[in-house]
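These are my notebook entries from a session with one model, kept in the order in which I looked things up.

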Amino acid sequence: MTKLLIVLGSTREGRVGLPIAQWVKQAAEEDDRFEVDFADLAEIGLPLLDEPNHPRFKQYVHDHTKAWSARVDAADGFLFLFPEYNFSYSAPIKNALDYLNNEWVRKPVGFVNWGGNSGGTRAQATFRIPASAVGLVITRGNVEINFPQKQLTDDGVFEPNEQQATVLRAQLNEIVALGEALKPFRG
């Protein structure tokens, strides 16, 4: 089984990201190829990077970093879910990435983004640079959701459209394929 870590980088109260994340999590859990670990950065509450040593040395002194390192290290692939803020990604998702280094190397990552007109396109485009810098291998397709509030039911459940569901399935397929192909090249 592929160990998939889903990282929700939306932390505001009343966030539309939580219903989106619940849809993504359910889709991955229903796919029998995955063992899913769901990391809600609002619950984890990583402080702004506070480690004294560069993460490439893995000489972590804080328990929150050691716990985060263990979760990321155990994963075979990732889905990062985050909104677009001011043409870029959310601060919590960047902070979570920056805490670590070697744990990300040569593992596949897909993105699920949301926003207004752009659907989060600019957020994921700008996040590609730091994601690549730590060695993540980015999937080709990304789920981009325009005005996601319009896809919430009266009960607050996110209902994906056909294109979003299709792209998510394609990402999951690629995460499995890339995860297997890259496994021999991990440190």
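Where does Q151 lie? I am working from a predicted model, and in it I found Q151 in the loop between β6 (143-146) and α6 (162-182).

**Entry on Q151.** I next asked whether Q151 is buried or exposed. Its relative accessibility is 15%, and because buried means under 20%, Q151 counts as buried. I then listed its contacts, leaving aside neighbours within four places in sequence, and noted I145, N146, V157, F158, E159, P160, N161 and Q164. With Q164 there is also a polar contact, side chain to side chain, at 2.8 Å.

**Entry on α6.** Since Q164 is listed among the buried residues of α6, I followed that helix along its length. α6 has 21 residues and reaches 30 Å from its first C-alpha to its last, which is close to the 30 Å expected at 1.5 Å a residue. At its start, I noted that a side-chain oxygen of N161 comes to within 3.1 Å of the backbone nitrogen of Q163. Besides Q164, the buried residues of α6 include A165, V167, L168, Q171, L172, E174 and I175.

**Entry on F78.** I175 brought me to F78, as I175 is one of the residues that F78 touches. F78 lies in strand β3 (residues 77-83) and counts as buried, because its relative accessibility is 0%. Not counting residues up to four places away in sequence, F78 also touches L4, L5, V72, W104, K107, P108, V109, G110 and L136. I also looked up F78 against K3, and recorded that the two are 75 residues apart in sequence but 8.5 Å apart in space, C-alpha to C-alpha.

**Entry on backbone angles.** Which residues other than glycine did I note with a positive phi? One of them is F147, with phi near 45 degrees, and F147 is found in the loop between β6 and α6. Another is K58, with phi near 55 degrees, in the loop between α2 (41-44) and α3 (63-74). I entered F147 as partly exposed, with a relative accessible area of 35%, and K58 as partly exposed also, at 37% relative accessibility.

**Entry on the largest pocket.** Last, I looked up the largest pocket, in which about 240 Å³ of space lies. Of the 18 residues that line it, R12, P83, W114, G115 and Q149 are the closest to its centre. I divided the lining by residue type and wrote down five nonpolar, eight polar and five charged residues.

Conventions
Residues are numbered from 1 along each chain as its sequence is written. This is a predicted model: local features need pLDDT of at least 70, side-chain atom pairs count only at pLDDT 80 or more; totals for chains, interfaces and linings use all residues. Side-chain values use heavy atoms; hydrogens and water are left out. On a 1 Å grid over the protein atoms alone, a cavity is a set of points where a 1.4 Å probe fits but cannot get out, and a pocket is an open set with protein on both sides within 12 Å along at least five of seven lines; lining residues have an atom within 4 Å of a point. Grid points are joined across faces, edges and corners, and a volume is the space filled by probe spheres set on the points. Ala, Val, Leu, Ile, Met, Phe, Trp, Tyr, Cys and Pro count as nonpolar, Asp, Glu, Lys and Arg as charged, and the others, Gly among them, as polar. Helices (H or I, at least four residues) and strands (E, at least two) are DSSP runs, numbered from the N terminus. Buried means under 20% relative accessible area, exposed over 50%, partly exposed in between (1.4 Å probe, protein chains only). Contact means heavy atoms within 4.5 Å. A polar contact is a pair of N or O atoms within 3.5 Å; within protein, one must be able to donate a hydrogen and the other to accept it, and residues adjacent in sequence count only if both atoms are side-chain atoms. The expected span of a helix is 1.5 Å times one less than its number of residues.
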